[in-house]
Amino acid sequence: MKIFTGEQIYQADKFTIEKQQITSDELMERVAVQLFNWLHLRLQGAQPKIHLFCGIGNNGGDGLAVARHLQEHGYNIEVYIVNYNEKRTDEFLTNLKRLKDRNVWPNFLSKETELPTISREDIVVDAIFGIGLNRTPDDWVASLMTHINNSEAFVLAVDVPSGLFLDKVVENPNAIIHANHILTFQSPKLAFFLPQTGIYCNQWEIIDIGIDVEFLTVTETTYTLISKNEVLQSYMPREKFAHKGTYGHSLIIGGSYGKIGATILAAKGALNSGSGLVSAFLPQCGYIPMQSAMPEIMVQTDVNENTITDFHFNLEPTVIGVGPGLGKASETVEAFTKFLQNNKIPLVIDADALNIISENKDLLKLIPEDSVLTPHPKELERLIGVWDSDFDKLEKAKLFSLELKCVLVIKGAHTIVLYKGKGFINTSGNPGMATAGSGDVLTGVITGLIAQGYPKVLAAIFGVYLHGSAGDLAVEKLGYQSLTASSIANTIGGAFIELFKRPEVPQQQEQQQA
Ligand SMILES: NC(=O)C1=CN([C@@H]2O[C@H](COP(=O)(O)OP(=O)(O)OC[C@H]3O[C@@H](n4cnc5c(N)ncnc54)[C@H](OP(=O)(O)O)[C@@H]3O)[C@@H](O)[C@H]2O)[C@H](O)CC1
Ligand SMILES: [K+]
């Protein structure tokens, strides 16, 4: 799903209004009906007090239009105009008049007025600011927002939580609504997925407001949200007459004394994601653990017992996943440098291999084009330097991946794959996956997919999704605390099967369809 910028959303409105020959008031009414239906369906006649806080722009206009529908259906509403600006949009004024015509008189809130009473059983509809926010709200508006947050009432945000910028982080942490649920229009917003701003966006849902299909199809976006529908398009089915050679040969290079487990997890990831053959190149101390843990893996070893000192193997892999458990011993650094100088095979670079590169920046130019780099936040910082905010991080990381011509996988709650100036934001996964070895499995999965012939960037996008989806399946049985990297690796197969499951049809509907 495409993620549009604020500017593109305003263009989409204009385009839709012209193409569908509707007025902006009609478009707002579409929005309002959808928002009302959402609430009406869930309230089912219940009568909590609904406080609607409306700004003076079109976000406020949406709020006022919803208030009218709620009033017409007999709901218990209280409407407030948060009068933070002299300016008013036409749509706001039209909807204010419609309310007044129905004898609903909003309370005008300003610096001088008292804060309204809100109890925790109430519902708040937050329509103070939408995507038009362009500066930090005044202190009195921030106080009102804090008051709403402290009320513990259920907060439903219209389009975005008020106070959220689409392209920068909040400056005053009190000047933003903490939304329980966001009904966002047509497409999700980038800020929902970044840690510094995502914390205010608990749950979100798309409201389809009928933006013109041509606009949605033709307009290119920098960021795309990746869920099942997107990855299914890149899935490569297994062929009847295929043999194990058809699906490539992954080589996992890594391990050092006490860190052989990382390579076992990576090898398992590669095997379970479908790599035809998987080999491992390890220090000698890794031979027995790997052979005992996984009979399917072929092992070659270094001359050294505890660390890798010479990347010398007698096989021609399709792709190499390098780094898990590798360590940074000086002999290893030297050997890795030599390896990079001579290597022509595609690479997935992780963990200590990334750390060695960060500490020896000259190695960057030796990384083959289209390699996949999978840093966690600390490893990323070592590679690209510190950043001021999540938005700044993305810009710096995008530049790095462009300069290096590599696929950069920024691991996090929403892992983002960056390639050729575009970003792909993953939606699968859960907090239980922040566990030892989880990244090693991911390295293996991406390596295994490249071995099978998936183009590098697709292997990264698909691999990240599968890995998260395996975590989601495994957590159902194990719970967040007990989820382990091994269980994620063992559930990759389940994640493939899950790709083809259709959503369950409620029984009643099923009978009707029969
Ligand atoms: N396609 C869609 O998604 C549609 C969205 N709709 C809704 O419209 C809003 C956006 O409405 P807009 O009027 O552009 O902006 P806001 O309502 O968010 O803000 C109103 C004005 O407030 C001013 N502003 C900005 N920051 C501040 C601040 N800190 N303090 C005071 N005032 C501020 C700003 O004007 P200025 O000229 O003063 O800069 C804003 O213009 C969108 O979110 C949806 O809810 C439509 O309903 C339909 C299509
Ligand atoms: K809002």
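UniProt, in an unreviewed entry, places the feature "domain: YjeF C-terminal" at residues 227-499. Keep in mind that what you are looking at is a predicted model. Over residues 227-499, the chain is 44% helix and 14% strand. Follow that stretch from one end to the other and you find its end C-alpha atoms 10 Å apart.

The residue that opens this stretch is Ser227. Look for Ser227 in the loop between strand S9 (223-226) and helix H8 (228-232). Is Ser227 buried, partly exposed or exposed? Ser227 has 14 other C-beta atoms within 10 Å, so it counts as partly exposed. Ser227 also sits 8.7 Å from Ile425, C-alpha to C-alpha, although 198 residues of sequence lie between the two positions.

**The eleven-stranded sheet**

Now for the strands. Eleven of them form an open sheet, and if you walk across it you meet S1-S9-S18-S17-S16-S15-S14-S13-S10-S11-S12, with mixed pairing. Strand S1 (2-3) and strand S12 (298-301) are at the edges; each has a single partner strand, so one side of each has no neighbour in the sheet. As a reminder, strands of a sheet pair through backbone hydrogen bonds, either parallel or antiparallel. For one parallel case, try strand S13 (residues 319-322) and strand S14 (residues 347-349), which are joined by three bridges. There, Val322 stands opposite Ile349 in S14.

**The UniProt binding site**

The same UniProt source, again an unreviewed entry, places a "binding site" at Lys411, Gly412, Ala413, His414, Thr415 and Gly439. These residues are spread over 29 residues of sequence, yet they cluster in space, with a largest C-alpha distance of 13.7 Å.

Let's zoom in on two of them. Thr415 belongs to the loop between strand S16 (407-410) and strand S17 (416-419). Thr415 has 27 C-beta neighbours inside 10 Å, which is why it counts as buried. Which residues does Thr415 touch, leaving aside its neighbours within four places in sequence? They are Val409, Ile410, Asn426 and Val464.

Gly439, on the other hand, lies in helix H15 (residues 438-451). Gly439 is buried because 27 other C-beta atoms lie within 10 Å. Again leaving aside neighbours within four places in sequence, Gly439 is in contact with Asp350, Ala351, Thr374, His376 and Lys411. Lys411 also appears in the UniProt list of binding-site positions.

**Strand S5 and its partners**

Next, jump back to an earlier part of the chain and find strand S5 (residues 123-127). S5 is mostly covered, with five of its five residues buried. Ile123, Val125 and Ala127 point one way from S5, while Val124 and Asp126 point the other way, and all are buried.

Which strands pair with S5? Here is a quick overview.

| Strand paired with S5 | Sense | Bridges | Residues standing opposite |
|---|---|---|---|
| S2 (residues 50-54) | parallel | five bridges | Ile50 and Ile123 |
| S6 (residues 154-158) | parallel | four bridges | Val155 and Val124 |

To get from S5 to S6, the chain passes through helix H5 (residues 139-151), and this β-α-β crossover is right-handed.

Ile50 turns up once more when you look at Ile77, a residue of strand S3 (residues 77-82). Although Ile77 and Ile50 are 27 residues apart along the chain, their C-alpha atoms are separated by 4.8 Å. Ile77 is buried because 21 other C-beta atoms lie within 10 Å. Leaving aside neighbours within four places in sequence, Ile77 has contacts with Ile50, Leu52, Ala67, Leu70 and Gln71.

**Around ligand 1**

Finally, have a look at ligand 1. How many residues are around ligand 1, and which come nearest? There are 29 residues around it, and Gly57, Asn58, Asn59, Gly130 and Gly132 come nearest. Helix H1 (6-19), helix H2 (24-43) and helix H3 (58-72) each supply at least two residues of this shell. H3 gives the most, with four residues. What is the make-up of the shell around ligand 1 in nonpolar, polar and charged residues? The residues divide into twelve nonpolar, twelve polar and five charged.

Conventions:
Residues numbered from 1 in each chain as written. Chains lettered and ligands numbered in written order. Predicted model: local features only at pLDDT ≥ 70, side-chain atom pairs only at ≥ 80, totals over all residues. Near = placed C-beta within 6 Å. Nonpolar A, V, L, I, M, F, W, Y, C, P; charged D, E, K, R; others polar. UniProt positions renumbered as here; feature names shortened; annotations may be inferred. Buried ≥ 20, exposed ≤ 12 C-beta atoms within 10 Å, placed from the backbone. Pairing = 2+ DSSP bridges. Right-handed = clockwise from strand over helix to strand, strands pointing away. Contact = placed C-beta atoms within 7 Å.
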